[in-house]
Amino acid sequence: MLKLELNEAVEKLKKIHAKKILLQIPEGLKTKVDDIIEELESNGFDIAASMDPCFGACDLKENEAKILGCDAILHLGHSPFIEKTKIPTIYAFLRYDLGGGFEEISETLAKYLKKSGINSIGLTTTIQFIEYLPKLKRVLEKNKIKAVIGKGKRVLDGQVLGCNYSSAAVGTNTILFFGDGLFHPLGISFATGKKVITVNPFTKEIKELCEEKETFMRRRIMLIEKAKEAGDFGILVSTKTGQNRISLAKKIKELLELAGKKAKIYSTDTISESSLLGAKAEVLINTACPRIAFDDFGSFKQPILNSNEVGILLGKKTYDDYFIEETY
Ligand code: SF4
């Protein structure tokens, strides 16, 4: 069950004497927006809820807060990401409560690791399960398996983001990812070059990441090879606070033009197929959140590559150098 704890955030907002609040809410929680507004209003705050899509704490609507006369932002579902914000920002996480299911999965994991001869492992997860890492460490250590929770940059201990795997840089040969989905384990694998074990707390499946890496690489190679034939490129820049990389976009434009290609820069807040109406580019180069090119590539009519794939596209790098870009 997914739980949102507002009490702590309410106390923090009161402590900084915030009154007018811009509420930012992740897509998965939008169906609860009215309940959340009402709960906050009952605590004496004036609330304006930003209804634009919000996928991470890289997306702080500081200008919107300013235009609406708000004196703080309440950002739900994500952990702090931007180091210096222009407006006081309070975060409230969403947490999964696994109930008794956690004991079962952690004991099964300890048995799996022992059977696989793994006696030392780095622990990672996403924000929704972050509270489970110290508990998991305790269970593994009780079973004589050394478990390390890494200290990353601009993330909580053991936390990984689609653009930040710094907490996986620990001195073990194997990294465990506790959570669902494939994107984060793939990122850890490409960022560290280490063996990755995934533990899905919902399905209770425990497995080593293997053929998923090959499938992912095959898809990327197919897209990059197709992009090599193109002459007209669109470079995508997001205006979101923590995703804007206009200098990189300009550099890529220069590189593509030097290679005899045409290149234009398109900027938008949320990058999507519909925001590119009229753009004739045959291939898109994404400089914003790296997940866009991986998770959403099917929703664009042209191939979409990440900026770090341009080196391979232009023949300056090989597929042996492939990595998933970290942008933090
Ligand atoms: S850039 Fe992407 S992966 Fe990183 S915090 Fe933002 S939405 Fe998440």
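Modeller: Start with pairing: two strands pair if DSSP finds at least two bridges between them. Helices (H or I, at least four residues) and strands (E, at least two) are DSSP runs, numbered from the N terminus. This is a predicted model, where local features need pLDDT of at least 70 and side-chain atom pairs count only at pLDDT 80 or more, while totals for chains, interfaces and linings use all residues. Residues are numbered from 1 along each chain as its sequence is written, and side-chain values use heavy atoms, with hydrogens and water left out.

Colleague: Which strand order does the open sheet of four strands have?

Modeller: The order is β13-β12-β14-β15, and the pairing is parallel. The edges are β13 (262-268) and β15 (304-306), each of which pairs on one side only. On average, neighbouring strands in this sheet are turned by 30° against each other, direction ignored. Axes here are lines fitted to C-alpha atoms, for helices over the stretch in contact, and angles run from 0 to 180 degrees between N-to-C directions.

Colleague: Which helix packs on the sheet?

Modeller: Helix α7 (residues 211-228) does, touching β12, β14 and β15. Contact means heavy atoms within 4.5 Å. The direction of α7 makes about 105° with that of β15.

Colleague: How many bridges join β12 to β14?

Modeller: Four bridges join β12 (residues 232-238) to β14 (residues 283-286), and these strands run parallel. To find the register, take F233: its bridge partner in β14 is V283.

Colleague: Now β10. Is it parallel or antiparallel to β9?

Modeller: Parallel, over five bridges, with β9 at residues 174-178. T174 stands opposite K195 in β10. Helix α6 (residues 183-192) joins β9 and β10 in a right-handed β-α-β unit. Right-handed means that, with the strands pointing away from the viewer, the path from the first strand over the helix to the second runs clockwise.

Colleague: And how does β10 run against β11?

Modeller: Antiparallel, with three bridges to β11 (residues 206-208). V199 stands opposite I206 in β11. The hairpin of β10 and β11 has six residues between the strands.

Colleague: Why is β10 called largely enclosed?

Modeller: Read burial by relative accessible area: under 20% is buried, over 50% exposed, and partly exposed lies in between (1.4 Å probe, protein chains only). Four of the five residues of β10 (residues 195-199) are buried, so the strand is largely enclosed by the rest of the structure.

Colleague: What does L109 touch?

Modeller: L136, L140, L176, V199 and I206, leaving aside residues up to four places away in sequence. L109 lies in helix α4 (residues 101-115) and counts as buried at 0% relative accessibility. By contrast, the C-alpha atoms of L109 and K84 are separated by 39 Å, with their positions 25 residues apart along the chain.

Colleague: Which backbone angles deserve a look?

Modeller: Most residues other than glycine have a negative phi. H17 has a positive phi of about 60° although it is not a glycine. H17 sits in the loop between α1 (7-15) and β2 (20-24) and is exposed at 69% relative accessibility. K204 also has a positive phi, of about 65°. K204 is in the loop between β10 and β11 and is partly exposed, at 32%.

Colleague: Last, which residues surround the ligand?

Modeller: F55, G56, C58, F81, G162, C163, Q243 and C289. A residue is near a molecule or strand if one of its heavy atoms lies within 4 Å of it. By class, the shell has five nonpolar, three polar and no charged residues. Ala, Val, Leu, Ile, Met, Phe, Trp, Tyr, Cys and Pro count as nonpolar, Asp, Glu, Lys and Arg as charged, and the others, Gly among them, as polar.
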